[in-house]
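Please open the model in your viewer and keep the selection tool at hand. The tour below proceeds by selection, with a short account of what each one shows.

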Amino acid sequence: MSDANVRIPEEAKERLAAFAAAEGLSLRAYLARLAETMLTPAERAERAEKARAALKEWNGYAPTPAEQDDLDSEPDRRLARVTSR
């Protein structure tokens, strides 16, 4: 395995190091684990499509794109309502 150098702001490095330390990991190990566990946008889209297909097969649930957009924005609407009080 080869190492790579990545230039990031010092504040970002310190924040990542704090996350790593809180989990008992070196920054290098933390970043390697993060890279292994995060999904790319394509992987997330693939999983979402599989979930939609499974729901449709299981109970017929198949929202339209407009319904999906509305459902996706629901958490933001609720958060805006709570924070505007």
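A residue counts as buried under 20% relative accessible area, as exposed over 50%, and as partly exposed in between. With that cut-off in hand, select Leu-25: its relative accessibility is 28%, so Leu-25 counts as partly exposed. Please bear in mind throughout that this is a predicted model.

**The loop between H1 and H2**

Leu-25 is located in the loop that joins H1 and H2. Which residues does Leu-25 touch, not counting those up to four places away in sequence? Display Ala-20, Tyr-30 and Arg-33, which are its contacts under that condition.

Next, select Glu-23 together with Arg-33. These two residues form a salt bridge, and their closest N and O atoms are 2.1 Å apart. Glu-23 lies in the loop between H1 and H2 whereas Arg-33 belongs to helix H2, so the pair ties together parts that are 10 residues apart in sequence. Both partners are partly exposed: Glu-23 has a relative accessible area of 42%, and Arg-33 has one of 34%. In general, side chains of opposite charge can pair when their charged atoms come close.

**The packing of H1 against H2**

Now select residues 10-22, which make up helix H1, and residues 27-37, which make up helix H2. How are the two helices oriented with respect to each other? The angle between them is about 85°, and their axes are 9 Å apart. Because angles of 65 to 115 degrees count as roughly perpendicular, H1 and H2 are described as roughly perpendicular to each other.

To view the contact itself, show the side chains on either side. Helix H1 contributes Lys-13, Leu-16, Ala-17, Phe-19 and Ala-20, while helix H2 contributes Leu-27, Tyr-30 and Leu-31.

**Three stops along H1**

Remain on helix H1 and select Ala-12, which lies in this helix. At 30% relative accessibility, Ala-12 counts as partly exposed. A distance monitor from Ala-12 to Glu-74 spans 31 Å, C-alpha to C-alpha, for a pair 62 residues apart in sequence.

Move on to Ala-18, also placed in helix H1. Ala-18 is partly exposed, with a relative accessible area of 46%. Its C-alpha atom is 25 Å from that of Met-1, and the two residues are 17 apart in sequence.

The last stop on this helix is Phe-19, found in H1 and one of the residues that meet H2. Phe-19 has a relative accessible area of 35% and is partly exposed. From Phe-19 to Glu-46 the C-alpha separation is 29 Å, across 27 residues of sequence.

**A salt bridge within H3**

Follow that last distance to Glu-46 and add Lys-50 to the selection. Glu-46 and Lys-50 form a salt bridge in which the closest N and O atoms are 3.4 Å apart. Both residues lie in helix H3, four residues apart, about one turn of the helix. Are the two partners buried, partly exposed or exposed? Glu-46 is partly exposed at 46% relative accessible area, whereas Lys-50 counts as exposed at 55%.

**The loop between H3 and H4, and a nonpolar patch**

Select Tyr-61, which is placed in the loop between helix H3 (41-59) and helix H4 (65-83). Tyr-61 is partly exposed, with a relative accessible area of 38%. Extend the selection to Leu-55, Trp-58 and Leu-71, and switch on a surface representation. With Tyr-61, these residues form a nonpolar patch on the surface, and together they have about 450 Å² of accessible area.

**A charged network in H4**

For the final selection, show Glu-74 and Arg-78. Their side chains meet in a salt bridge with an N to O distance of 2.6 Å. Both residues lie in helix H4, four residues apart, about one turn of the helix. Glu-74 counts as partly exposed, at 23% relative accessibility. Add Asp-70 and Arg-77 to the display: salt bridges that share partners join Asp-70, Glu-74, Arg-77 and Arg-78 into one network.

How many salt bridges does the structure hold? There are nine, among them the Glu-23 to Arg-33 pair, the Glu-46 to Lys-50 pair and the Glu-74 to Arg-78 pair.

Terms used
Residues are numbered from 1 along each chain as its sequence is written. This is a predicted model: local features need pLDDT of at least 70, side-chain atom pairs count only at pLDDT 80 or more; totals for chains, interfaces and linings use all residues. Side-chain values use heavy atoms; hydrogens and water are left out. Patches are made of residues with over 30% relative accessible area and no salt bridge: like charges are joined within 9 Å, nonpolar side chains (Val, Leu, Ile, Met, Phe, Trp, Tyr) within 5 Å. Accessible areas come from the Shrake-Rupley method with a 1.4 Å probe; for residues, only the protein chains shown count as cover. A salt bridge is a side-chain nitrogen of Lys or Arg within 4 Å of a carboxyl oxygen of Asp or Glu. Buried means under 20% relative accessible area, exposed over 50%, partly exposed in between (1.4 Å probe, protein chains only). Axes are lines fitted to C-alpha atoms, for helices over the stretch in contact, and angles run from 0 to 180 degrees between N-to-C directions. Angles under 35 degrees count as roughly parallel, over 145 as roughly antiparallel, 65 to 115 as roughly perpendicular and the rest as oblique. Contact means heavy atoms within 4.5 Å.
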